[in-house]
Amino acid sequence: MAALSGLVSSLESYRGRDRLIRTLSYGCQLIGGFLTEQSSVKSEIGKRLLGISAQLSHCRTVLRLFDDLAMLAYSRQYGLGAKEEDAIIRWLSVISNLADQLYYPCEHVAWAADAKIIHINSTKWWILSTALWGLSLLLGTLRSLKIILNLRRKLRNPEGKSSKSFRREKKMIEIQVKSEILTLLSNLADLANAIHWLPQGFLWAGRFPPWLVGLMGTVSSLISMYQASGLHSEKSDDS
């Protein structure tokens with residue numbers, strides 16, 4: 001009952017719905033991609049699942065038409081990261097925010113071109129939006145690595161804290177490290193797909209079969225849902 005209540009609560013928010021749609025989309029692609037490589041009967045089911053996956057992905061693209069202002073508000077709030085103590089983390093975050101901000105209008109143009117709203121070739125705009133997404137993921141990966149290094153450095157240097165105080169701080173740091181490791185894995189899974197969707201000839205671009213794209217996306221999506229459920233639980237505990 002508690003799980004159902006949590007799901008309903010999650011679906012009441014845009015981000016919660018997006019995470020669920022994303023997970024279902026990649027899950028269908030994973031299973032559908034696998035089935036298309038099997039017998040003719042299973043292959044037909046697989047094609048239908050891939051069709052569902054494509055429609056869910058298109059749904060997310062349309063919903064992202066309204067994300068620009070939210071991203072702009074976040075970028076303005078973060079600014080140049082004056083509150084960040086680490087300069088490397090600060091500039092990685094600033095450039096990542098810029099890449100995310102530019103990603104949305106590029107994707108909107110690509111979507112409008114595919115929908116015949118504007119008469120231009122959508123291919124270059126899809127490539128540009130994918131490249132910006134990949135850049136953001138790469139910067140996010142580097143940011144998580146730097147945060148993990150900084151946190152582990154804190155664990156090695158108690159800085160004269162009392163035993164009780166250090167134990168409490170150690171527990172909090174270990175939770176932060178775990179969270180950043182999950183973020184790192186999620187970013188790497190998405191980055192693998194982002195590179196796959198770039199023009200062929202760049203690293204492994206165009207070489208993933210549908211099921212592998214689905215697997216990478218499902219891993220990333222499940223991590224995102226797990227992290228969101230963890231945050232929801234903490235808020236419930238605090239209230």
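Which residues does S220 touch, not counting residues up to four places away in sequence?

1. On the contacts of S220: leaving aside residues up to four places away in sequence, S220 touches R22, S186, A189 and D190. Please keep in mind, while looking at these contacts, that this is a predicted model.

2. On the polar contacts: two of these neighbours are also reached through side-chain atoms, since the side chain of S220 makes a polar contact with the side chain of D190 at 2.8 Å, and the side chain of S220 makes another with the side chain of R22 at 3.4 Å.

3. On the position of S220: this residue is placed in helix α8, and, measured against the chain itself, S220 and N187 stand 33 residues apart in sequence, while their C-alpha atoms are 7.2 Å apart in space.

4. On burial: S220 has a relative accessibility of 2%, and because buried means under 20% relative accessible area, S220 counts as buried.

5. On the nonpolar surface patch: F34, W211, L215 and V219 together make a nonpolar patch of about 320 Å² on the surface, and its largest share, 3 residues, comes from helix α8, which covers residues 210-238.

6. On F34: this member of the patch lies in helix α2, which covers residues 14-35. F34 has a relative accessible area of 47%, and therefore it is described as partly exposed, a class that lies between the buried limit of 20% and the exposed limit of 50%.

7. On helix α8 as a whole: the helix holds S220, which is buried, and helix α8 also gives the nonpolar surface patch its largest share.

Notes:
Residues numbered from 1 in each chain as written. Predicted model: local features only at pLDDT ≥ 70, side-chain atom pairs only at ≥ 80, totals over all residues. Heavy atoms only, no water. Patch = residues over 30% accessible without salt bridge, like charges linked within 9 Å, V, L, I, M, F, W, Y side chains within 5 Å. Areas by Shrake-Rupley, 256 points an atom, 1.4 Å probe, with all protein chains shown as cover. Salt bridge = Lys/Arg side-chain N within 4 Å of Asp/Glu carboxyl O. Helix = DSSP H or I, 4+ residues; strand = E, 2+ residues; numbered from the N terminus. Buried < 20%, exposed > 50% of the residue type's maximum accessible area, 1.4 Å probe, protein only. Contact = heavy atoms within 4.5 Å. Polar contact = N/O pair within 3.5 Å; in protein donor to acceptor, adjacent residues only side chain to side chain.
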